[in-house]
Amino acid sequence: MDTKVSIAGVEFKNPVMTASGTFGSGMEYTDFVDIGRLGAIVTKGVANVPWEGNPTPRVTETPSGMLNAIGLQNPGVDVFIERDLEFLKAFDTPVIVNVCGKTTEDYLEVVERLADTNVAMLEINVSCPNVKEGAIAFGQKREALYAITKEIKSKAKQPVIMKLSPNVTDITEMAKAAEAAGADAISLINTITGMKIDIARRKFVLANKTGGLSGPAIRPVAVRMVYQCANAVSIPIIGMGGIATAEDALEFIMAGATAVSVGAANFFDPYATIKVVDGIEDYLKKTGTETVRELIGCVK
Amino acid sequence: MNELKFRKKETAQVVSQKEISEGIFDLRVKAEGAKACCPGQFAGIFPPSDARLLLRPISICECDKEKEEIRFVYRIAGEGTRLISVLKEGDEVEILSVLGNGFPVETAKGKKVALMGGGIGIPPMLYTARMLKEISAETVSFMGYRNADTFLLSEFESYGKVLPATEDGSVGVKGNVMDALRESGFIPDIIMACGPMPMLRAIKKYAEENNITAYISLEERMACGVGACLGCVAKTTHKDDHSHVNNTRICTEGPVFDAKEVEI
């Protein structure tokens with residue numbers, strides 16, 4: 001039984017990753033998870049300088065999901081390299097750094113600072129719906145996504161994954177723009193913009209008014225979008241959106257994802273990532289499937 | 001304060017549950033986490049539901065290490081807590097414990113302590129009162145209620161002097177816990193408090209004006225409970241070690257903070 005997958009020449013022992021922003025840099029989950037067993041760690045978004053994030057309330061529950069508007073609070077790339085990357089060196093697990101910024105220059109500064117580190121890949125966050133400048137502004141227009149992908153590819157030493165927003169008319173157009181600009185892979189979906197109103201207080205629940213919807217509630221949307229993109233581009237896809245079990249993960253893989261990320265499920269089940277790893281192995285055994293790779297995009 | 005580090009999501013058994021006041025429930029569960037609970041810490045209780053996925057952060061009201069029981073006294077605040085409130089003896093419930101940092105009880109040795117609780121902030125003060133009695137700190141408990149429905153009040157009496165306050169004046173001092181403290185003439189060296197934000201703001205101001213150390217327990221909507229999601233932050237007067245900004249995680253750096261260190 002073989003669970004290995006590879007993306008842009010980077011090998012992963014299994015296709016199970018953590019979705020950015022749901023696992024910190026792994027430190028917070030060491031009581032629950034053997035990080036060495038994960039396919040990859042995808043870190044919380046990192047900017048060139050520390051970001052405060054949004055006012056609270058930043059999170060709220062919704063049916064089978066949640067809304068968040070954290071606003072990418074992070075310590076900046078210098079602290080990240082000294083502390084988080086040092087911590088992650090202890091594990092035999094590739095590190096994918098999620099990079100965020102307000103301007104193209106911000107992104108490029110982080111990309112350049114990470115060039116000579118042990119980071120395996122870069123995931124470019126052009127899809128966070130919760131910050132006013134940058135981020136999603138690059139991810140909702142084909143030309144803007146093409147331009148920033150091209151700029152980052154010209155500077156990056158590591159393979160580049162563009163993380164796509166579902167908050168667009170046609171996600172395949174964005175996938176094609178990323179591919180045309182030289183992206184090595186795409187990851188999808190980021191959260192779906194949502195809103196919740198407190199009718200007792202007659203106010204928005206989140207201080208930011210809107211937030212990103214994640215969790216099992218969004219899974220069918222995400223599976224559909226992975227399937228559409230897999231049929232539109234030939235670069236590998238990392239699929240995510242409401243994955244909580246191995247069965248969920250296998251849906252994404254069969255829809256065309258080479259790897260998958262577990263996101264909000266980490267919050268309600270801190271053991272979720274390992275359960276997905278184990279469950280995929282069980283599925284391969286039970287069904288007599290030799291490699292997980294033969295399942296990628298097997299549903300046409 | 002955390003003598004034993006324990007952090008696990010486990011299936012706990014409900015030992016008992018009863019409504020002790022309107023909408024306020026007293027839940028006891030058998031859980032391994034009991035062996036590591038300290039006063040002021042909390043646990044995440046998961047509503048028994050496939051649609052309500054996030055933990056409900058609930059303070060630890062009491063714990064019995066020998067019996068491995070944790071006691072929670074909480075108010076129904078929405079559908080999630082309502083689902084928890086219908087659990088009965090023998091039912092299973094998922095809990096994530098032990099979370100956060102509690103009150104630094106050991107720093108109160110030989111000191112005069114004002115314990116202050118308001119409304120649903122009262123429950124965690126009970127365990128705190130018991131531990132303060134164990135180290136023989138001179139403690140006065142100021143507990144504030146809306147009316148004569150003074151849940152848990154009699155239990156505080158076994159741990160020392162208790163001075164209640166009620167908004168309608170039906171029991172104790174008419175007013176809030178700050179009114180009760182001022183009226184008592186008691187001058188504490190340390191305050192430990194949990195309650196609504198206006199109460200905590202008044203305590204912070206009083207403590208700063210009188211050069212008293214005040215530890216206050218904060219709450220905020222949270223998702224993970226373990227410091228990963230950055231949902232439940234409090235504004236800080238200093239740069240936080242985690243993110244190097246003036247925001248710190250209530251779930252892991254709190255919920256109990258030195259009042260001087262947070263802006264509320």
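Is A:Lys209 buried or exposed, judged by its C-beta neighbours inside 10 Å? In this predicted model, A:Lys209 counts as exposed, because it has 12 C-beta neighbours inside 10 Å and the exposed class takes residues with 12 or fewer. The residue lies in the loop that links strand E13 (203-204) to strand E14 (210-214) of chain A. Its backbone also deserves a look: A:Lys209 is not a glycine, and yet its phi is positive, at about 70 degrees.

Chain B offers a companion case. B:Ser136, a residue other than glycine, likewise has a positive phi, near 60 degrees. It is placed in the loop between helix H2 (123-134) and strand E9 (138-145) of chain B. With 10 C-beta neighbours inside 10 Å, B:Ser136 counts as exposed.

Turning to the confidence of the prediction, the complex receives an ipTM of 0.94 and a pTM of 0.95 from the predictor. The average pLDDT of chain B is 96, and 98% of the residues in that chain score at least 70.

Chain A is built with nine helices and 16 strands. Its radius of gyration is 18 Å, close to the 19 Å given by the globule rule for 300 residues, so chain A is as compact as a globular protein of that length. Along the principal axes, the C-alpha atoms of chain A fill a box of roughly 55 × 45 × 40 Å. Of the 300 residues in this chain, 60% are buried. Among the contacts in chain A with a separation of 6 or more, 71% are made by residues 24 or more positions apart.

A local example of contacts across the sequence is found at A:Asn167, in the loop between strand E9 (160-163) and helix H5 (171-180) of chain A. Leaving aside residues up to four places away in sequence, A:Asn167 touches A:Pro129, A:Gln140, A:Ile192 and A:Thr193. For A:Pro129, the separation from A:Asn167 is 38 residues in sequence and 8.6 Å in space, C-alpha to C-alpha. A:Asn167 is partly exposed, because 17 other C-beta atoms lie within 10 Å.

The two chains meet through 33 residues of chain A and 27 residues of chain B. On the side of chain A that touches chain B, strand E5 (59-62), strand E6 (65-68) and helix H8 (265-268) are the elements that give two or more residues. By residue type, this side of chain A divides into 15 nonpolar, twelve polar and six charged residues.

Within chain B, the domain assignment gives domain 1 (8-99) and domain 2 (105-217). The centres of these two domains, taken over C-alpha atoms, are separated by 24 Å. Contacts between them involve 14 residues of domain 1 and 13 residues of domain 2 of chain B. On the domain 1 side, strand E1 (8-21), strand E5 (62-64) and strand E6 (69-75) of chain B each supply at least two residues. The largest share of that side, three residues, comes from E6(B). Its residues divide into eight nonpolar, three polar and three charged.

The strands of chain B include an open sheet of seven, in the order E11-E10-E9-E8-E12-E13-E16, with mixed pairing. Strand E11 (173-174) and strand E16 (256-258) of chain B stand at the edges with a single partner strand each, so one side of each is left without a neighbour in the sheet. At the E16 edge, three bridges join E16(B) to strand E13 (residues 213-217) of chain B in an antiparallel arrangement. One pair in this arrangement is B:Ser217 with its bridge partner B:Val256 in E16(B).

Further pairing in chain B centres on strand E14 (residues 233-236). This strand pairs with strand E15 (residues 247-249) of chain B in the antiparallel sense over three bridges. E14(B) is also joined by two bridges to strand E17 (residues 262-263) of chain B, again running antiparallel. B:Lys235 has a partner in both: it stands opposite B:Asn247 in E15(B), and its bridge partner in E17(B) is B:Glu263.

Finally, each chain holds a cis peptide bond worth inspecting. In chain A, the bond from A:Leu188 to A:Ile189 is cis, with omega near 10 degrees, and A:Ile189 lies in the loop between strand E10 (185-188) and strand E11 (192-195). In chain B, the bond from B:Ser97 to B:Val98 is cis, with omega near -5 degrees, and B:Val98 is placed in strand E7 (residues 92-99).

Key
Residues numbered from 1 in each chain as written. Chains lettered and ligands numbered in written order. Predicted model: local features only at pLDDT ≥ 70, side-chain atom pairs only at ≥ 80, totals over all residues. Contact = placed C-beta atoms within 7 Å. Helix = DSSP H or I, 4+ residues; strand = E, 2+ residues; numbered from the N terminus. Nonpolar A, V, L, I, M, F, W, Y, C, P; charged D, E, K, R; others polar. Buried ≥ 20, exposed ≤ 12 C-beta atoms within 10 Å, placed from the backbone. Domains from an automatic or database assignment. pLDDT = per-residue confidence, 0-100. Rg over C-alpha atoms; globule rule 2.2 N^0.38 Å. Pairing = 2+ DSSP bridges.
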